[in-house]
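Hi,

Here is the structure I promised to pass on. Please open it in your viewer, and then read on for what turned up.

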Amino acid sequence: MNKLTKIFCWLSGLVISLVLISILGDIILNSLESFNLTFLYQVPMSAGRRGGIYPIIISTLLITGISTLVTVPIGTLCAIYLSRHYPSTLVFKKFIKRMIQVLSGVPSIVFGLFGNAIFCTFFGLGFSILSGALTLSCMCLPLFITSVEEGVSSIPDEVIHTTHSLGFSLYTTFKSIVLPLAIPSILSGLVLSVGRALAETAALIFTSGYVDRFPESLLDSGRALSVHIYDLAMNVPGGDQNAYKSSMVLIGLILIINSVFNIIAKIISKEGQLYE
Amino acid sequence: MNDKKVYPWKTELGSNPCCISDTIISINNLSLYYGKKCAFKDISIEVNKNCITGIIGPSGCGKSSFIQCINRLADHVDGVEVTGDIFFHGQNVYDSRVNLINLRKKIGLIFQVPTPLPLSIYENIALPLKEHGFDDISKRVERALVDVGLWVEVKDKLKDSAFKLSGGQKQRLCIARSIALEPEVLLLDEPCSSLDPISSEVIEKLLLNLKSRFTILIVTHNLAQARRVCDHLCAFWYDLNNQHGFLLECGTSHDLFENSSNEVLKDYVGGARG
């Protein structure tokens with residue numbers, strides 16, 4: 001029985017690794033032969049069959065960046081409110097937590113249609129980078145809040161009791177004590193939500209649109225990398241080669257952003273070790 | 001209520017010079033419930049100014065909960081209900097108009113486990129000072145650290161994390177942090193129970209020094225310590241039938257240790273039980 005358990009654990013590990021290796025292998029093998037750096041700073045031509053993806057990278061970074069800028073402050077404040085250290089009525093907290101659980105289970109296509117109805121039409125932002133970014137924020141918030149809330153709630157009771165017994169106001173407690181202690185969990189929430197934002201397609205098709213020009217303002221439509229890949233693979237005959245290359249760039253981008261956040265988290269927690 | 005039983009030291013003021021001074025806190029019929037469970041019931045005590053009042057008794061009889069009622073820290077536990085009155089300078093601290101931030105500035109509490117904040121040594125004392133609007137922060141930090149005998153040890157590493165200190169140093173830092181706010185009362189919840197004997201001794205000496213400036217209420221499991229530092233003692237016990245803590249006896253520490261007529265207490269302080 002012991003051996004059987006070992007074999008099954010080992011096999012499931014192998015299956016997972018194989019899936020990842022085959023995806024990465026397929027993409028790398030198919031894109032490497034014709035990949036060169038000009039692909040990164042050329043404008044797409046002939047619906048993306050030729051040329052590069054420069055404007056698309058810029059749109060992607062803009063959409064992700066703005067969505068992060070919106071997500072972090074709202075999400076952090078909400079997470080602090082929901083944490084067990086914040087004094088408030090339990091019923092209302094439970095209600096919000098349930099809402100967030102439901103929200104994190106909503107399919108992204110629904111977020112896309114919702115974003116289209118609210119941001120594009122109701123607020124009149126049209127198909128734009130801003131609409132796309134705000135829609136992505138709505139989608140990433142549950143993920144981000146859950147991660148930060150766990151981090152804040154794991155702050156030991158003694159720390160909070162001490163701030164009470166020293167007569168700290170709620171503001172000082174959270175600004176000077178809780179927030180610095182929550183930074184690692186904010187960063188890990190960021191990695192999760194940026195990863196999700198970069199990978200999102202369905203929600204963006206309906207909100208930030210298809211236009212592959214260089215965006216002139218945030219109210220311009222801009223095509224995100226994932227949308228570009230989808231379009232090249234599904235709607236553009238002969239776009240396969242560039243779809244592979246774009247996929248490689250997207251995966252590379254996610255890896256770079258993740259490792260940057262991880263390095264920051266490590267530096268901060270190294271400083272934080274002083275306080276452990 | 002039988003006055004003689006509850007406040008026996010009032011009848012023999014002469015034997016203990018510090019007891020001539022005024023009552024600063026008087027607690028009447030205090031009970032505390034966690035939901036339906038009663039932690040302790042009907043406790044009445046008077047605390048005299050510039051005295052060290054010790055609270056002794058076995059675990060689970062509500063000593064820590066009791067001390068946390070005095071600066072209303074118990075409020076922050078879910079489902080806690082407190083009945084009875086605590087008068088601090090004649091004002092009921094359970095009055096809804098009491099400003100909790102000011103109350104906790106006047107009545108500081110030091111926990112069993114040293115709880116430095118995740119800040120530098122300097123900021124640990126400076127942040128509460130800033131929060132309460134003191135000026136001359138750096139002078140006050142220095143004075144507080146001198147008062148607890150920590151200045152010489154840490155003056156070159158004020159910017160270091162407070163977590164780098166040893167257990168005894170951390171506890172003294174916590175005491176410094178509280179006395180920097182110039183409170184009137186210091187509540188200490190078993191401040192030495194996580195420390196080695198040498199660090200405990202340092203803290204005991206410190207408490208005796210601080211007595212002239214503050215009123216001190218200390219929960220302790222260490223009877224020898226209680227005998228060494230406390231002027232008055234309140235012995236709590238656990239009522240097995242009704243499952244709650246209660247006040248067994250109260251008096252000068254000399255009386256409790258030497259002249260108690262209560263059999264349970266005699267066995268407890270004599271080391272025969274507890």
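Which are the buried residues of α7(A)? In this predicted model, they are Ile160(A), Thr162(A), Thr163(A), His164(A) and Ser165(A). These buried residues of α7(A) pack against α8 of chain A, and also against two elements of chain B, namely α3 (100–106) and β6 (107–110). Just past the helix, α7(A) is followed by Gly167(A), which has a positive phi, near 75 degrees.

That leads on to the interface. Here, 18 residues of chain A are in contact with 21 residues of chain B. On the side of chain A that touches chain B, α7 (157–165) and α8 (170–199) each supply at least two residues. The largest share of that side comes from α7(A), with 6 residues. By residue type, the side of chain A that touches chain B divides into 8 nonpolar, 8 polar and 2 charged residues.

You may also like to look at the nonpolar core. The largest one has 123 residues, and Ala176(B), Leu187(B) and Ala235(B) are those with the most contacts inside it. Helix α6 (residues 129–153) of chain A provides the largest share of this core, 13 residues.

If you want a place to zoom in, try Ala176(B). Leaving aside residues up to four places away in sequence, Ala176(B) touches Ile125(B), Ala144(B), Leu145(B), Asp147(B), Val148(B) and Leu150(B).

Happy browsing, and do write back with any questions.

Best wishes

Note on methods
Residues numbered from 1 in each chain as written. Chains lettered and ligands numbered in written order. Predicted model: local features only at pLDDT ≥ 70, side-chain atom pairs only at ≥ 80, totals over all residues. Contact = placed C-beta atoms within 7 Å. Helix = DSSP H or I, 4+ residues; strand = E, 2+ residues; numbered from the N terminus. Nonpolar A, V, L, I, M, F, W, Y, C, P; charged D, E, K, R; others polar. Buried ≥ 20, exposed ≤ 12 C-beta atoms within 10 Å, placed from the backbone. Core = buried A, V, L, I, M, F, W, Y, C linked by C-beta atoms within 7 Å.
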